Amino acid sequence: MLKGKKILLGVTGGIAAYKAVELASILTKNGAKVKTILTKSACQLVNPLTFKSITHRSVSTELFNLENEIEHITLADWADLIVIAPATANMIGKVASGIGDDLLSTTIMATSAPVLFVPAMNVHMYSNRVLQSNIEKLTRLDYYFMEPESGKLACGYEGKGRFPVITEIKYHIETFLNYSQDLTDKDILITAGSCRENIDPMRFITNHSSGRMGLALARAAHIRGAKVKVIAGIVQDNIPEYINALQVENAEDMYQAVTAEASEHQMIIMAAAVSDFTPVKTSQQKIKKTDSLTLKLKKTKDILQELGDNKQKDQILIGFAAESEDLEKNARIKLKNKHLDLIIANNIAVAGQQDTAILILGENITAKFSGSKFSVAHKILDFIYYEK
Ligand code: CTP
């Protein structure tokens, strides 16, 4: 999603400026062409040469220089996307007030490319009402903002203000480069991950699902403006702070959580690998070792079957089918039996992987997509909203 894309990285003088080096590196390694502008304060914290060595492209710091007189125009025109990371309250304030008194603020003023701000600062500075009203104003004017994360800050405070995890910034950049805010009127409930059925206080039954496909769908839809709620079982990656998520442990909890709010959503995507069986009895004490052990399991409730049997008018129900053989045939049986609008079928071999290959099946529909789970998530959303 980044190959050949021209990204102008603006680095301003927050302590997270050193993390912008890693961002520049990841974008470059993924095929983007990255040029950098550092403000004067950023140069106090990081060296322009570091960016030059990593991106192998121009790094600019001055509005006026003898070699490239109108750089603010050439850079503004060159960029497919401008990313300000980290963005200080000062730079956000300048852009919101129409001030262009250095190369970066002037370039932002001169561009017609989308601009993404990644603010990072002290918790009180971030909650400052002037800054917040500047962010609101710029958001209304179609500038994009990523919310900072919460946690321990460099200044010693604890709270919201941390520079987001680089991969999350990458997901935002990939989306803003390739998609518009086209899902702002959509509302989706997405389940993700595996379930854990306890055998005793120490042991449980689970499966290989990592939750990556469900979370990729949630990220992609959220960044494109949709209202997303995630009900997650056990997932291998951290759920991003910007996603509204509820975590559950076992199939019964997931059943309760999903059925409690299913009626509130226009669309439900069941990407979770819900356990089909759970122990008839969970031992309160750790089961002692013996020569052999027979576990008696009972069937769990099929959440999607119940949603399909009681489908509400106009609600879109999408299931996943994890198969090890006869992919299309088995998925089509689930599509029909569970009364789904679409089913997304994949081979179980993709569980836990970063990449996937899927088949989307509807009554008279077959489509195939492959690639990173995030890029496939976007293609699934496109398919659902534009081609179904
Ligand atoms: N599903 C569910 N509740 C269950 C089991 C599955 O809601 N107790 C949902 C899954 O989230 C998925 C779809 O049903 O969207 C198909 O799940 P899958 O595991 O592929 O198939 P099963 O219906 O469980 O059948 P089988 O395991 O026999 O293939």
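This is a short walk through the structure shown above, from the overall fold down to a few single residues.

Okay, so before anything else: this is a predicted model. Keep that in mind as we go.

Let's begin with the whole thing. We have 388 residues, and 49% of them are buried. The C-alpha trace spans about 80 × 50 × 40 Å along its principal axes. For secondary structure, the count is 14 helices and 20 strands. The accessible surface comes to about 19,100 Å², and carbon and sulfur atoms own 49% of that. And if you take the contacts with a separation of 6 or more, 66% of them are between residues 24 or more positions apart.

Now, the sheet in the N-terminal numbering. It's an open sheet of six strands, with parallel pairing, and the order is β3-β2-β1-β4-β5-β6. So which strands stand at the edges? Those are β3 and β6, residues 144-145; each has a single partner strand, so one side of each is left without a neighbour in the sheet. Further in, β1 and β2 pair over six bridges, in the parallel sense. If you want a spot to click on, Leu 8 has Lys 35 in β2 as its bridge partner.

While we're on β2, have a look at Leu 38, which is found in that strand. Buried or exposed? Leu 38 counts as buried, because its relative accessibility is 1%, and the cut-off for buried is under 20%. Leaving out neighbours within four places in sequence, Leu 38 touches a list of residues including Val 11, Cys 43, Val 46, Pro 48 and Phe 51. Val 59, Ser 60 and Thr 61 are also in contact with Leu 38. And the C-alpha of Leu 38 is 9.8 Å from the C-alpha of Ile 84, with the two positions 46 residues apart along the chain.

Next, two helices that go with this sheet. Helix α4 is residues 71-78, and its buried residues are Glu 71, His 72, Leu 75, Ala 76 and Trp 78. Look down the axis of α4 and those buried residues fall within an arc of 165 degrees, so they line one face of the helix. What covers them includes β1, β2, β3 and α6.

Helix α5, residues 89-96, is another story. Six of its eight residues are buried, so α5 is largely enclosed by the rest of the structure. The buried ones are Met 91, Ile 92, Gly 93, Lys 94, Val 95 and Ala 96. Their cover includes β4, α6, β5, α8 and β6. After α5 comes Gly 98, with a positive phi near 75 degrees.

Moving along the chain, there's a hairpin. Strands β7, residues 149-152, and β8, residues 158-162, pair in the antiparallel sense over four bridges. Lys 152 sits opposite Glu 158 in β8. Five residues lie between the strands, and Gly 156 takes a positive phi near 100 degrees in this hairpin.

That brings us to salt bridges. How many does a search of the whole structure find? The search finds 18. One of them joins the side chains of Lys 160 and Glu 147, at 2.4 Å from N to O. Lys 160 is in strand β8, while Glu 147 is in the loop between β6 and β7, 13 residues apart. Lys 160 is partly exposed at 28% relative accessibility, and Glu 147 is partly exposed too, at 45%.

Here's one that reaches much further along the chain. Asp 382 forms a salt bridge with Arg 224, and the closest N and O atoms are 2.6 Å apart. Asp 382 lies in helix α14 and Arg 224 in the loop between α10 and β12, so the pair ties together parts that are 158 residues apart in sequence. Arg 224 is buried, with a relative accessible area of 0%. There's also a network, where salt bridges with shared partners join Lys 94, Asp 101 and Asp 102.

Two last stops. Strand β18, residues 342-347, has five of its six residues buried, so β18 is largely enclosed by the rest of the structure. Strands β17 and β18 pair in the parallel sense over six bridges, with Ile 318 opposite Leu 342 in β18.

And then the outside: Phe 277, Leu 293, Leu 295 and Leu 297 make a nonpolar surface patch of about 360 Å². Leu 293 is in the loop between β15 and β16, and Leu 293 is exposed, at 52% relative accessible area.

That's my tour, thanks.

Technical notes. Residues are numbered from 1 along each chain as its sequence is written. This is a predicted model: local features need pLDDT of at least 70, side-chain atom pairs count only at pLDDT 80 or more; totals for chains, interfaces and linings use all residues. Side-chain values use heavy atoms; hydrogens and water are left out. Patches are made of residues with over 30% relative accessible area and no salt bridge: like charges are joined within 9 Å, nonpolar side chains (Val, Leu, Ile, Met, Phe, Trp, Tyr) within 5 Å. Accessible areas come from the Shrake-Rupley method with a 1.4 Å probe; for residues, only the protein chains shown count as cover. A salt bridge is a side-chain nitrogen of Lys or Arg within 4 Å of a carboxyl oxygen of Asp or Glu. Buried means under 20% relative accessible area, exposed over 50%, partly exposed in between (1.4 Å probe, protein chains only). The arc is that of the directions from the helix axis to the C-beta atoms. Contact means heavy atoms within 4.5 Å. Two strands pair if DSSP finds at least two bridges between them.
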